[in-house]
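Here are a few exercises for getting to know a structure you haven't met before. Have a go at each task, then read through the solution.

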There are 2 protein chains.
Amino acid sequence: MRLSRYFMPILKENPKEAEIVSHRLMLRAGMVRQQSQGIYSWLPLGKKVLDKVNNIIREEQNRAGAVELLMPTLQSAELWQESGRYEAYGKEMLRIKDRQERPMLYGPTNEEMVTDIFRSYVKTYKNLPLNLYHIQLKFRDEIRPRFGTMRSREFLMKDAYSFDLTREDAIHSYNKMFVAYLRTFARLGMRAIPMRADTGPIGGNHSHEFIILADTGESEVFSHKAFTDFEIPAENTDFDDVAGLQSIFDKWTSVYAATSEMHDEAAFNAIPEGDRLSARGIEVGHIFYFGTKYSEPMGAKVQGPDGKEHPVHMGSYGIGPTRLVPAIIEASHDENGIIWPESVAPFDVVVINMKPGDAACDDISEKLYASLGNAGKDVLYDDSDDRAGTKFATADLIGVPVQIIVGPRSAAAGEVEVKDRKTGAREVMTLEAALNRVTG
Amino acid sequence: MRLSRYFMPILKENPKEAEIVSHRLMLRAGMVRQQSQGIYSWLPLGKKVLDKVNNIIREEQNRAGAVELLMPTLQSAELWQESGRYEAYGKEMLRIKDRQERPMLYGPTNEEMVTDIFRSYVKTYKNLPLNLYHIQLKFRDEIRPRFGTMRSREFLMKDAYSFDLTREDAIHSYNKMFVAYLRTFARLGMRAIPMRADTGPIGGNHSHEFIILADTGESEVFSHKAFTDFEIPAENTDFDDVAGLQSIFDKWTSVYAATSEMHDEAAFNAIPEGDRLSARGIEVGHIFYFGTKYSEPMGAKVQGPDGKEHPVHMGSYGIGPTRLVPAIIEASHDENGIIWPESVAPFDVVVINMKPGDAACDDISEKLYASLGNAGKDVLYDDSDDRAGTKFATADLIGVPVQIIVGPRSAAAGEVEVKDRKTGAREVMTLEAALNRVTG
């Protein structure tokens, strides 16, 4: 992408309304724009990161056997009356009347709707287990949306819903998502700690939050330091191996970890002092097993091997991509801007032409742009008329992992400078060496 | 994907509520499910097709230089008051009050919001041309939603918005989208005819609808038959070639074509009788040039080369992916079900194991499933316990282009039967030959 043809509105000033660093950097880098309170547009640079986050989530959901569909944003109130949550949900639910005066709502979550889909089609245990997920917009009318897309009203959520005949099977489905989440966050460049959690309005009695540590986190968390050494389950993990997944779950829940709501001071103090971790954290995922809470009132039953009807055991599993993007930034930035993990960087590399119009600069820059693109790399080519200082600042701000700087003097000698955004290390090398460095 | 682990709820009965063939087939194939009047879930098979349609749209938008972002679904009423459309839009606009009693709406289109984004960041003609698009849910509260996702209330739309300094530049931007649309529909396996169109509530005086011919189309269309011979612009079309694009536009608009609203009986009758085409059509795209209709009242101005401020000339360009899916089916099906063009087929090939449990059948089926998957093909493996007749009917219904049938007798001899869904041609061949047929 040539910067001259892109839309990446960089802000020079620090936006006053941004209280936390991720919000500030997302505004400054032209990733998002607030349209109404707690409602954001994702500008092109932000959209690219969001897509990459979604794709990693999707790959890991699919790997764990979940099947993707797409439920609508608007739901009928009737469904929620069936579960009893229509009244209970309170003012966070955005209630709407259509032109026929029918009561609707903008879905804050989809337990009811997916249960309705399930009961319409699935009649026998032979079609279980089943896990259906979608990545879809939600709306929660928070009284105080803040921190940019970290806590917005309209937001994107990946929500998965599992259906099983028995509690035991449902726990295996839960463990699949537990493992998928560990892998997902690791691929996003973050180490997330699963913590026993409160279930809130979703319900149930078996639930974990996944928390990443960040100074600006909203909640206080307490854990054993051992988590930093635990191994992330491998790509070839067998998700049908019931005992294997249970042992991963057991390992990851073997040491103390809790959010402040679930905190047990005595248990924490029993950890040797040097192993105690007390920090601030951001919730990036939340999984629930809630048994027959929805299947019972909504009549989602299957015939079991015994020939009788049984309400299915369910769980739900949420990750918020629009919250993950700022969470990644909170965990990975410096004073000059964002430092993207390679897996979600909006571009793999930025080619900075320091002097457009200079024949050698243009020639080398165009060659790099074409060759890297042909090699399958996603390249931003800064062909703008900005001053060199502005170009360097922009490249650091948007956090693309590798910068290739093409200046008139080195270009004349067939050389470029390659800078690693994370370490700041710079190295002068030939055009060919630079190509190999990025594509090799 | 193993069918035993997928969620593809096939209906055996013809759904009573479906008036047109695409709606009937989408329900029967388990592609969609109505959740409320005119509001649909896209079940996994439908979601896969929708994603493929979206990706082709996206590739052609990007090729034409449009830049993707993502605007939210909910908008503030204020923006629409600025353009004067808040009152004018009528009951199709879903109006909402949030918990603070602020008037909001579920966006039926995004001219106002994108103009607001533009005016916030772009100040000089040097940043033009610019074309921003998104693929996002819209809501139009139609009094009579019908025909499944062909005319639903909540629907997906790709809407692009172009910004230029002058009318002349804006016409070039219009032509870019005109060409992108010709390519998009062709890649989706359809021949769309551009027709001069009424502009309705979007406004402007230069507009084309893209219509595909189908017996069940909602509107009557009249055109010259020459369209069937016109060449689709090539992949390497130079979108910066102003004269080149204009000549493509001129060619495609050189012969008579009009919807009933714009129909000129005399002009039509001037066509030699054998060249007249009078048929029913489905609108699958609509493009508008509307000059300064929004930029003027909303103050979206840029500094020109003359140093003065000028309101920008705009256009908007819509395609409805959730309508395109049924439109493709209307144009491509037979009495047994859907016949997907390869470009949007939910799977490239289905492997039908006629006797799961039979060692030879299982062995060959698993080999095919693994090898085709490794070769990058999207494979559905029917490993279910259904009877052979049911499996064949399902495979025909869901319309996957190639079926590989693994029966016990031929499997024992190392052979399979390959069936082309479109022609119905069947051929017995070795496992290796079948692999080569599909991957070659």
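**Where the chains meet**

In this predicted model, chain B and chain A bury about 4,800 Å² between them, with 58% of it on carbon and sulfur atoms.

**Exercise 1.** Find which three residues supply more of the area that chain B buries against chain A than any other three.

*Solution.* Start with who takes part: 57 residues from chain B and 57 residues from chain A make up the contact. Then rank the chain B side by buried area: B:Phe7, B:Arg99 and B:Tyr121 come out on top as a trio, supplying 16% of what chain B buries there.

**Exercise 2.** Work out how many salt bridges the rule finds across the interface of chain B and chain A, and look at one of them.

*Solution.* Pair up the side chains, using the 4 Å cut-off between nitrogen and carboxyl oxygen. That gives eight salt bridges across the interface. Take B:Arg5 and A:Asp240 as one case: their closest N and O atoms are 2.9 Å apart, and they form a salt bridge. Next, sort the chain B side that touches chain A by class: 30 residues are nonpolar, 10 polar and 17 charged.

**Exercise 3.** Work out what turn and what shift lay chain B on chain A.

*Solution.* Try a turn of 180 degrees with a shift of 0.0 Å along the axis: chain B then lands on chain A with an RMSD of 0.0 Å. The two copies are therefore related as by a two-fold rotation axis. Now look along that axis: B:Ile96 comes closest to it among the residues of chain B, with its C-alpha at 3.0 Å. Finally, compare the contact residues: 100% of those in chain B recur in chain A, so the same surface serves both copies.

Terms used. Residues are numbered from 1 along each chain as its sequence is written. Chains are lettered from A and ligands numbered from 1 in the order in which they are written. This is a predicted model: local features need pLDDT of at least 70, side-chain atom pairs count only at pLDDT 80 or more; totals for chains, interfaces and linings use all residues. Side-chain values use heavy atoms; hydrogens and water are left out. Contact means heavy atoms within 4.5 Å. Buried area is the accessible area (1.4 Å probe) that two parts lose on being put together, summed over both. Ala, Val, Leu, Ile, Met, Phe, Trp, Tyr, Cys and Pro count as nonpolar, Asp, Glu, Lys and Arg as charged, and the others, Gly among them, as polar. Copies are superposed by least squares on the C-alpha atoms of residues with pLDDT of at least 70 in both.
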